[in-house]
Amino acid sequence: MTEGNNKDWSPRIVAFLCNWCSYAGADLAGVSRMQYAPNIRIIRVPCSGRINPLYILSALRQGADGVLVSGCHPGDCHYISGNYVARRKFNMLKKFLEHVGICPERVQFSWVSAAEGARFAALVDKVAEDIKRIGPAKIPMVPVK
Amino acid sequence: MAIIKVKDNNPAAAIRELLRTMLEKQLVSAILVPQEIPSKKTVVQTLVSDPDKLDAVNPLAPIFSINSARIVVKMCIDQMTGPVSGQAVSEQPAEEKEAEPPEAEDSASEQKQEQAPEQEQGKSGEQAPAEAQSAAEDEPAAAEGQSAPAPIAVVLRPCEIRALIELVKLQQASLDPFLVIGVDCWGTYSVQDYAAMVTQGPQDSSVTADFLKQVTAGNFPEELRGACRACQYPVPTYADLAIQLIGDDISQQIRIEAQSEKGKEIFNALGFEVTAESKERKSAVEKLKEAKKQLAEQDKADFLEMISSLCINCHNCRAVCPICYCKQCVFDGKVFEYPLEKYLNWSGKKGVLPVPPDKLLFHLTRMSHVATSCVACGQCEAACPSGIPLGRIFQRISTAAQEALGYEAGRSLDDDLPLTTFRENELSAVED
């Protein structure tokens, strides 16, 4: 399967959402009956700081076309500073994704609070659109075309 | 800062004599330093406590077989965990194995001396009669109890020191028992290249001398290791005593500088005549870095393809990496053992599945673990049986990651590890 030749393809995006803000934001989008792209699979985590880069890489390796990570806005972390540490970690991850040859846009970070249902819906639409533009992930790497 | 005269165009011998003096004066209790094996085909790290066993010492040999920060970590095990008897006992054999002295005879004597440092003190005392009396009369155990024991000198390259600093910050090592002696480094050959050069080279000249002649003239040999070609750290970032070669005519003289309180004590005890800093040194170091930068830019590698095609998943790179310190690696556990069904499922999804399936994931994970502390020593590259230029890849990636976080691995003991700290207003570009 090469990029772009499959019209039926729609991206599969794994979303890691923090329990206290972004997951509640997604919930709000749901109960408010907002429409957004059906491409995401949500995994709830205690805090964005809890997300090991290995999870993100593992999702990509197991066939996800994109990964979305979302937590509380800076300063609003339920655990005071988890998202600040997460921000550093993800910044580093992004840096080497581009060097390694994986499009850094496949992994996206954003902050969504529990009150931002509309923001969450818009974010998912945007991420889905981005991943659609990039095309299906070439990971796991296939040595022969 | 003092100048040490070099005799017979042999700076390694000058360093050897300096170390010998330190041992004889009992300023240090032992020295961890590389020595040439009798066939001269390689050097091994040795822990020397007898000044007469320093004859083959050559810290300038352009060969890099192990990142000695790993050895220092092994020697610190009981320092880190407190005096737990079980761990202290198990540490002993590991230390001897790593030291690997050139001769079996040495090994026996060294072992004896390690276990009984007071005997060694008595022995060197015999050679210097004035000291003999005091050393022999004192109850050695009591004498040691009163004042801090003399430190163990460790002679390290800049990249080894940087790795050691990172390991201290990662709470894997302690600098307390050690006196770090840093030596300038122009680069090294691989173990294989070095051995081949010794075999093929002329009888009357040594590989070390040839190498020093070339690099001091500004020529970098083709065979230089990939990581060394791009190295931006020819000078130790931290040392108690720094032995400075760059910027001097090393056939005539080398310099020694005390860079810490601990270093100053030893420096003063050695009784050097204090001189001014070399004027050429700064510009010479800059010039060297610039030349290396040029060499590095010629090098481009496609990481994804290299890993997916060349890696055989042997995990050698992890075994030799000084920063990979975990006792139990996630890749050794059951997490990455899959049932057959899962393999078929993955294969079915894309029609073809390269196996083993987690090669790239292993490298990416290792990268995310070490990127902030990677000192680009290139041992991973040397250990790779498939010749993947891991050292250069990690160098490029870790430099980018460290730059983004405003950190430099091994720069100083005072910088916080970048993933243990944060600033409230930073990196806003990450978010959309």
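Which residue takes a positive phi just after H4(A)? In this predicted model, that residue is Gly135(A), with a phi of about 100°. The model scores ipTM 0.86 and pTM 0.83. The points below consider confidence, the contact between the two chains, selected elements of each chain, and some backbone features.

**Confidence in chain B**

- The mean pLDDT of chain B is 82, and 82% of its residues reach 70 or more.
- Over residues 83–145 of chain B, however, the pLDDT is below 50. This stretch nevertheless has 60 contacts in the model beyond near neighbours in sequence.

**Where the two chains meet**

- In chain A, 32 residues are in contact with 35 residues of chain B.
- Three elements of chain A give two or more residues to the side that touches chain B: helix H2 (53–61), helix H3 (82–100) and strand E4 (107–111).
- H3(A) provides the largest share of that side, with 14 residues.
- By class, the side of chain A that touches chain B has 18 nonpolar residues, eight polar residues and six charged residues.

**Helix H4 of chain A**

- Helix H4 of chain A covers residues 117–134 and has 18 residues. At 1.5 Å a residue it should span 26 Å, and its end C-alpha atoms are 26 Å apart, so the expectation and the model agree.
- The buried residues of H4(A) are Gly117(A), Phe120(A), Ala121(A), Leu123(A), Val124(A), Val127(A), Ala128(A) and Ile131(A). Seen down the axis of H4(A), these buried residues fall within an arc of 160°, so they line one face of the helix.
- A general rule helps in reading such a pattern: an α-helix has 3.6 residues a turn, so residues three or four places apart point the same way.
- The face of H4(A) turned away from the buried side carries the exposed residues Glu129(A) and Arg133(A).
- The buried residues of H4(A) pack against five elements of chain A, namely strand E1 (13–18), helix H1 (22–31), strand E2 (40–45), strand E3 (66–71) and E4.

**Strand E4 of chain A**

- Four of the five residues of E4(A) are buried, so this strand is largely enclosed by the rest of the structure.
- E4(A) pairs with E3(A) in the parallel sense, over five bridges. Within E4(A), Trp111(A) is the bridge partner of Gly71(A).
- E4(A) thus appears in two settings: it is among the elements that the buried residues of H4(A) pack against, and it gives two or more residues to the side of chain A that touches chain B.

**Overall make-up of chain B**

- The secondary structure of chain B comes to 20 helices and seven strands.
- Chain B has 432 residues, of which 41% count as buried.
- Among the contacts in chain B with a separation of 6 or more, 74% are between residues 24 or more positions apart.
- One pair of residues distant in sequence is Thr46(B) and Val154(B), which are 108 residues apart in sequence and 10.0 Å apart in space, C-alpha to C-alpha.
- Thr46(B) is found in strand E3 (residues 43–48) of chain B. With 24 other C-beta atoms within 10 Å, Thr46(B) is buried.

**Helix H9 of chain B**

- Helix H9 of chain B (residues 158–169) has twelve residues and reaches 17 Å from its first C-alpha to its last, close to the 16 Å expected at 1.5 Å a residue.
- Eleven of the twelve residues of H9(B) are buried, so the helix is largely enclosed by the rest of the structure. Among the buried residues are Glu160(B), Arg162(B) and Glu166(B).
- The buried residues of H9(B) pack against helix H2 (69–75), strand E4 (152–156) and strand E5 (178–183) of chain B.
- Just after H9(B), Gln171(B) takes a positive phi of about 60°.

**Notable backbone features**

- As a general background, most residues other than glycine have a negative phi, and most peptide bonds are trans.
- Arg33(A), in the loop between H1 and E2 of chain A, has a positive phi near 55°. Arg33(A) counts as exposed, with 7 C-beta neighbours inside 10 Å.
- Ala376(B), in the loop between H18 and helix H19 (379–383) of chain B, has a positive phi of about 55° although it is not a glycine. Ala376(B) counts as buried, with 28 C-beta neighbours inside 10 Å.
- A cis peptide bond joins Val355(B) and Pro356(B), with omega about -5°. Pro356(B) lies in the loop between helix H17 (340–350) and helix H18 (359–370) of chain B.

Key: Residues are numbered from 1 along each chain as its sequence is written. Chains are lettered from A and ligands numbered from 1 in the order in which they are written. This is a predicted model: local features need pLDDT of at least 70, side-chain atom pairs count only at pLDDT 80 or more; totals for chains, interfaces and linings use all residues. Two residues are in contact if their C-beta atoms, placed from the backbone, lie within 7 Å. Ala, Val, Leu, Ile, Met, Phe, Trp, Tyr, Cys and Pro count as nonpolar, Asp, Glu, Lys and Arg as charged, and the others, Gly among them, as polar. pLDDT is the predictor's confidence in each residue, from 0 to 100. The expected span of a helix is 1.5 Å times one less than its number of residues. A residue is buried if 20 or more other C-beta atoms lie within 10 Å of its own, exposed if 12 or fewer, and partly exposed in between; C-beta atoms are placed from the backbone. The arc is that of the directions from the helix axis to the C-beta atoms. Two strands pair if DSSP finds at least two bridges between them.
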